[in-house]
Amino acid sequence: MREQRTSAPRARTGFFSRSGDRPIVTYILIAVTTFVFLLQLLPGLGITQYLLYAGVYSTPLAFEPWRMLTTVFVHSQNLIFHVALNMYSLWLFGQALEPMLGRARFLTLYLISGFAGSLGVLFLTAGNVPVVGASGAIFGLMGAFLVIQRKRGGNMNGLLVLVGINLVIGFIPGINVAWQAHVGGLVGGALAGLIYYETRHLRHKSRQTLLIAALCVVLVGVSLLPFASAFLL
């Protein structure tokens, strides 16, 4: 990650100029996720059941669409490495992206990526399969960083290998990893990263806001297709 940051040419335009900012949002996301994980360990609270996501929660059978975001903050209770690895990845990519994008844009990117990860689960997984974890959001950060570094002319070899390995792991039988969330998050994060880069100049601020809002509307609209189709059928 250090090599990726230092190898790219410096662009002193728009938001690609705040390299000294502390990644406060990254720290807050890690703290909130860790706190939720500790609550998950307390017997009787049922935090995991309240926040996890499955495709059925996007249908009239049990319509609870907010779970598409809340699932990002809960993790497997049986494997502490699940939350530890995700938070370590968030810390790495947060240090690279948050100072570059700014806090509001970084938080927006994280939430868009997490939501897009849930979309991957919605359309590529059986509706009764529950999914937890921030992996979709993390892959979204990878996708955005990949696009931005590519556009800036940075060395992509290490990052491409990292993304490739993580994607392949999700397809290994018995690993029990939601590769569907990885794919969805990667695509959503890459789209958001592309918008951020192409509208990086200050004069494009309004256009950037409009495009990000449009992306969110499209993602939400797509998430409502199973709900709408149930009435049409």
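This note goes through a predicted model, starting with the whole chain and ending with single residues.

1. Overall make-up. The protein chain is built with 11 helices and 0 strands, so that its pattern along the sequence reads α-α-α-α-α-α-α-α-α-α-α. Of its 233 residues, 45% count as buried, and the surface that the protein chain exposes comes to about 11,900 Å², with carbon and sulfur atoms supplying 68% of that area. As for how the chain meets itself, 78% of the contacts between residues at least 6 apart in sequence join residues that are at least 24 apart.

2. The nonpolar patch. Tyr27, Leu85, Tyr88 and Trp91 together make a nonpolar surface patch of about 420 Å², to which H5 gives the most, with 3 residues. Tyr27 belongs to helix H2, which covers residues 24–40. The relative accessible area of Tyr27 is 36%, and because this falls between the limits of 20% and 50%, Tyr27 is classed as partly exposed.

3. The loop before H5. Asn78 is placed in the loop between helix H4 (67–70) and helix H5 (80–101). With a relative accessible area of 77%, Asn78 is over the 50% limit and is therefore called exposed. Its C-alpha atom is separated by 9.6 Å from that of Leu41, a residue 37 positions away along the chain.

4. Aromatic pairs. The count of aromatic pairs comes to 3. In one of them, the rings of Phe63 and Phe227 have centres 4.3 Å apart and planes at 40°, an angle that is neither under 30 degrees nor over 60, so the pair is described as tilted. This pair links distant parts of the chain, since Phe63 lies in the loop between helix H3 (47–51) and H4 while Phe227 lies in helix H11 (residues 225–232), the two being 164 residues apart. Phe63 is partly exposed at 33% relative accessible area, and Phe227 is likewise partly exposed, at 24%.

5. Arg67 and its partners. Which residue forms a salt bridge with Arg67? The partner is Glu64, and the closest N and O atoms of the two are 2.5 Å apart. Arg67 also lies over the face of Tyr57, at 4.0 Å from the ring centre. The two ends of the salt bridge can be set side by side: Arg67 has 5% relative accessibility and, being under 20%, counts as buried, whereas Glu64 has a relative accessible area of 23% and is partly exposed.

6. The other salt bridge. The structure holds 2 salt bridges, and besides the Glu64 and Arg67 pair there is one between Lys151 and Glu198, whose closest N and O atoms are 3.1 Å apart. That pair links distant parts of the chain, with Lys151 in helix H7 (residues 135–152) and Glu198 in helix H9 (residues 179–198), 47 residues apart. Both ends are partly exposed, Lys151 with a relative accessible area of 41% and Glu198 with 38%. Side chains of opposite charge can pair when their charged atoms come close.

7. A further charge over a ring. The charged end of Arg200 sits over the ring of Tyr197, at 4.0 Å from the ring centre.

Key:
Residues numbered from 1 in each chain as written. Predicted model: local features only at pLDDT ≥ 70, side-chain atom pairs only at ≥ 80, totals over all residues. Heavy atoms only, no water. Helix = DSSP H or I, 4+ residues; strand = E, 2+ residues; numbered from the N terminus. Buried < 20%, exposed > 50% of the residue type's maximum accessible area, 1.4 Å probe, protein only. Patch = residues over 30% accessible without salt bridge, like charges linked within 9 Å, V, L, I, M, F, W, Y side chains within 5 Å. Areas by Shrake-Rupley, 256 points an atom, 1.4 Å probe, with all protein chains shown as cover. Salt bridge = Lys/Arg side-chain N within 4 Å of Asp/Glu carboxyl O. Phe/Tyr/Trp six-rings, centres within 6.5 Å; stacked < 30°, edge-to-face > 60°. Lys NZ or Arg CZ within 6 Å of the ring centre and 35° of its normal. Contact = heavy atoms within 4.5 Å.
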